[in-house]
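Visitor: I am new to this structure and would like a close look at a single part. Please start with one residue, then show me what lies around it and beyond.

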Amino acid sequence: MDKSIDNFDDSLSLNEACERIENMDIRGAGRIARAVAVALKNHTAAFKGDSVRALSEHVRSGARKLLATRPTAVSLANALRYIVRGMDAMDAISVDEMRAKVMDLADGFHQRSLKAMDTIADIGAERIRDGDTILTHCNSTTALGIILKAHSEGKNIRVIATESRPRHQGYITSSALAEAGVPVELIVDSAVRYFMPEVDIVIMGADTISANGSVVNKIGTSQVALIAHEARVPVIIAAETYKFSPETLLGRLVEIEEREPQEVVDTRKLPGVRIRNPAFDATPKEYIDAVVTEVGMIPPTAAYNVIVEQFGPTIPIQQLLKEGE
Ligand code: RI2
């Protein structure tokens, strides 16, 4: 993948990133992670002080602001974790050297993210056969990468995309597929069971995967997976390894973001009614056949191994970013 999949450029500032991630102008777990890497790089470049300790605190305070934007996608925290841990591992060096190395770390994460999606597309496309009907939910760049790869290999495929209420990310998915020449049909979320008999494989993304193999993704993902399970249709999750949550090894639960009621309905039309708007849900591992990562196609039960191999000993992100650490 190249940078054109993102709707921000190299000059993205910290404040701009915070605002655009919060209002979901920059959205999608992978894109959010790349955005925080770019914003933290620019924040680092702007450091004017003269001590290594002050630079470290400058980077940490920027990271804390970015961390507070959206709570669920662990990719955001893992991008920050990658940069700050790399910074902490540096031997005593000058401010200029440290600034340059932190910026390199941010670039490194960015490159790694784009490369991971290519590898996932290659591996995932192997599972798509000529003539398959694929169902996808919401808008996952990583899942879309697999579908587009299969299409580019000349496989004759058809995609059913859910609308994905309340923010209609299915519009983004379906227009991207139509633009690429992939036959695509948009359905309302509640029509998934109606269409499942026509589906050969379900491919979706992930915001966070926990140590027990549960996949946290856009609200409705667990219903899609349950319906697929009932119909014996395989469910494949496309997720880079930085979407696995090291903190779930410490017993922490993944926080599910609940967004504004106004996203669901004009609340003035329903006085006295409490509107609920959770943005994500968790799909248990029993309903997932495989997770495609850049290190291979794995069962969801291998999440523990991925976390241990990729992250080593777990330090909670809040502790890592604490002032004076
Ligand atoms: P990629 C999105 O969250 C969706 O839940 C999507 O499946 C997931 O991130 C992964 O997206 P939101 O930001 O990283 O729309 O695969 O709330 O693009």
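**A walk from a buried cysteine**

Guide: Let us begin with Cys138, which counts as buried because its relative accessibility is 6% (buried means under 20% relative accessible area, exposed over 50%, and partly exposed in between, using a 1.4 Å probe and protein chains only). Please keep in mind that this is a predicted model, in which local features need pLDDT of at least 70 and side-chain atom pairs count only at pLDDT 80 or more, while totals for chains, interfaces and linings use all residues. Residues are numbered from 1 along each chain as its sequence is written, and side-chain values use heavy atoms, leaving out hydrogens and water.

To find Cys138, look in the loop between β1 (133–136) and α6 (141–152) (helices are DSSP runs of H or I with at least four residues, strands are runs of E with at least two, and both are numbered from the N terminus). The backbone of Cys138 has a positive phi, near 60°, in a residue other than glycine.

On one side of this loop is strand β1, and Thr133 belongs to that strand. Thr133 is buried because its relative accessible area is 6%. Ile160 is 27 residues away from Thr133 along the chain, yet their C-alpha atoms are separated by 7.3 Å.

On the other side of the loop is helix α6, and it leads us to the ligand: α2, α6 and β6 (215–218) are the elements that each give two or more residues to the shell around the ligand. There are 19 residues around the ligand, and those that come nearest are Arg27, Ser140, Thr141, Asn217 and Lys218 (a residue is near if one of its heavy atoms lies within 4 Å). Sorted by class, the shell holds five nonpolar, nine polar and five charged residues (Ala, Val, Leu, Ile, Met, Phe, Trp, Tyr, Cys and Pro count as nonpolar, Asp, Glu, Lys and Arg as charged, and the others, Gly among them, as polar).

Now for some individual side chains. Thr142 has an N or O atom in its side chain 2.9 Å from an oxygen atom of the ligand. A polar side-chain atom of Asp207 lies 2.7 Å from a ligand oxygen, and a polar side-chain atom of Lys243 is placed 2.7 Å from an oxygen of the ligand. Taken alone, the ligand exposes 450 Å², and the protein buries 100% of that (areas come from the Shrake-Rupley method with a 1.4 Å probe). The ligand sits in the largest cavity (a cavity is a set of points on a 1 Å grid over the protein atoms alone where a 1.4 Å probe fits but cannot get out, and sitting in it takes more than half of a molecule's atoms within 2 Å of its grid points).

Let us return to Thr142 and follow it to a neighbor. The side chains of Thr142 and Glu240 are joined by a polar contact of 3.3 Å (a pair of N or O atoms within 3.5 Å; within protein, one must be able to donate a hydrogen and the other to accept it, and residues adjacent in sequence count only if both atoms are side-chain atoms). Glu240 has another polar contact, of 2.7 Å, with the side chain of Tyr242. Glu240 is found in the loop between β7 (235–238) and β8 (280–283), and it is buried because its relative accessible area is 0%.

That loop between β7 and β8 is home to Arg259 as well. Arg259 is buried, since its relative accessible area is 15%. Its C-alpha atom is 6.5 Å from that of Ala279, and the two residues are 20 apart in sequence.

Cys138 has a companion in backbone geometry. Met24 has a positive phi of about 65° although it is not a glycine. You can find Met24 in the loop between α1 (14–22) and α2, and it counts as buried because its relative accessibility is 5%.

Past the far end of α2, the loop between α2 (29–45) and α3 (52–67) contains Gly49. Gly49 counts as partly exposed because its relative accessibility is 33%.

One last stop is the loop between β2 (158–162) and α7 (169–179), the place of Pro166. A cis peptide bond joins Arg165 and Pro166, with omega about 5°. Helix α7 includes Glu179, which counts as exposed because its relative accessibility is 72%.

Technical notes:
1 Å grid on protein atoms, 1.4 Å probe; cavity = no way out; pocket = protein on both sides within 12 Å on 5 of 7 lines; lining within 4 Å.
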